[in-house]
Amino acid sequence: MLVMTAKVDKKKIAIVFAAVIVAVAALILLIRGGGRGAEPTVSASVSSNDARVEFLKGFGWDVTTSPVESSQVRIPEKASEVFDRYNALQKSQGYDLTAYAGKNVMRYVYKINNYPGATEPVYATLLVYKNQVIGGDVTDTAAKGQIRGFRKPSGTALPAETTPPTEPTGVTE
């Protein structure tokens, strides 16, 4: 039988242990969305209508309990200027539609009932692939309305996140 011994520096063990703890804490924060409160994570599973409504409620939206529209849409295989602008909005909220190029996805549109200062209908669109939210937007249909990400604006000042593309959802039906 072979017995080996080694001298271990306790300070080095403590430093390695502390580094592991910090790395695990950072990973947990990243998974939970950087501590942004109750907002849903980017990879939210929405396998039912109730889950989709809850996803939007996580951003502070009060929406109709049933979608006003649901349809299958195809993410364009080739990027265009309109798609690139819409995808820039998606990237700003942690999504990227380029991974879904050429794929059929479900689009669910819900009427938002509590959009600050709204004078015309406002809709939330969810793009869903295999029960996962892969993108979407909030569209104010007023003449000077904007297309923005899911995050609810504070107060009544509504700075634009992007200018509206010529196609409301950036995808083709």
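**Notebook: salt bridges, sheet and a buried aspartate**

I began with the charged pairs and found that the side chains of R107 and E69 meet in a salt bridge, with 2.6 Å from N to O. R107 lies in strand β2 (residues 104-112) and E69 in strand β1 (residues 69-74), so the pair ties together parts that are 38 residues apart in sequence. I note that the model is a predicted one. Looking up accessibility for the two partners, I found R107 buried at 7% relative accessibility, whereas E69 is partly exposed, with a relative accessible area of 32%.

How many salt bridges are there by this rule? The count comes to three, and I went on to the other two pairs, E54 with K57 and E81 with R85.

For E54 and K57, the closest N and O atoms are 3.8 Å apart. The two residues sit three places apart in helix α2 (residues 49-57), and so are separated by about one helical turn. E54 is partly exposed at 48% relative accessibility, and K57 is partly exposed as well, with a relative accessible area of 42%.

For E81 and R85, the closest N and O atoms are 4.0 Å apart, and the cut-off for a salt bridge is within 4 Å. This pair belongs to helix α3 (residues 81-92), where E81 and R85 are four residues apart and therefore separated by about one helical turn. Here I recorded E81 as exposed, with a relative accessible area of 59%, while R85 is partly exposed, at 28%.

I turned next to the sheet, since both residues of my opening pair lie in strands, R107 in β2 and E69 in β1. In what order do the strands run across the sheet? Five strands form an open sheet in the order β1-β2-β3-β4-β5, and the pairing is antiparallel. The edge strands are β1 and β5 (147-148), each of which pairs on one side only. At the β5 edge, I found that β4 and β5 pair in the antiparallel sense over two bridges, and that T139 stands opposite I147 in β5. Helix α3 packs on the sheet, touching β3 (122-129), β4 and β5, and its direction makes about 110° with that of β4.

Within α3 I looked up Q90, which is found in that helix and counts as buried at 0% relative accessibility. Leaving aside its neighbours within four places in sequence, Q90 is in contact with Y95, L97, G135 and G136; of these, G135 and G136 fall within the residue range of strand β4, 132-140.

My last entry concerns D137, which is found in strand β4 (residues 132-140). Which side chain of opposite charge is nearest to D137, and how far away is it? That side chain is R107, 7.7 Å away, and D137 is buried yet has no salt bridge. The cut-off for a salt bridge is within 4 Å, so R107, at 7.7 Å, does not qualify as a partner for D137. R107 has its salt bridge with E69 instead.

What, then, do I find around the D137 side chain? A polar contact of 2.6 Å joins it to the side chain of Y86, and another polar contact of 2.6 Å joins it to the side chain of T139. T139 is the residue I had already noted opposite I147 in β5.

Conventions: Residues are numbered from 1 along each chain as its sequence is written. This is a predicted model: local features need pLDDT of at least 70, side-chain atom pairs count only at pLDDT 80 or more; totals for chains, interfaces and linings use all residues. Side-chain values use heavy atoms; hydrogens and water are left out. Buried means under 20% relative accessible area, exposed over 50%, partly exposed in between (1.4 Å probe, protein chains only). Lys and Arg count as positive and Asp and Glu as negative; His and the chain ends are not counted. A polar contact is a pair of N or O atoms within 3.5 Å; within protein, one must be able to donate a hydrogen and the other to accept it, and residues adjacent in sequence count only if both atoms are side-chain atoms. Two strands pair if DSSP finds at least two bridges between them. Contact means heavy atoms within 4.5 Å. Axes are lines fitted to C-alpha atoms, for helices over the stretch in contact, and angles run from 0 to 180 degrees between N-to-C directions.
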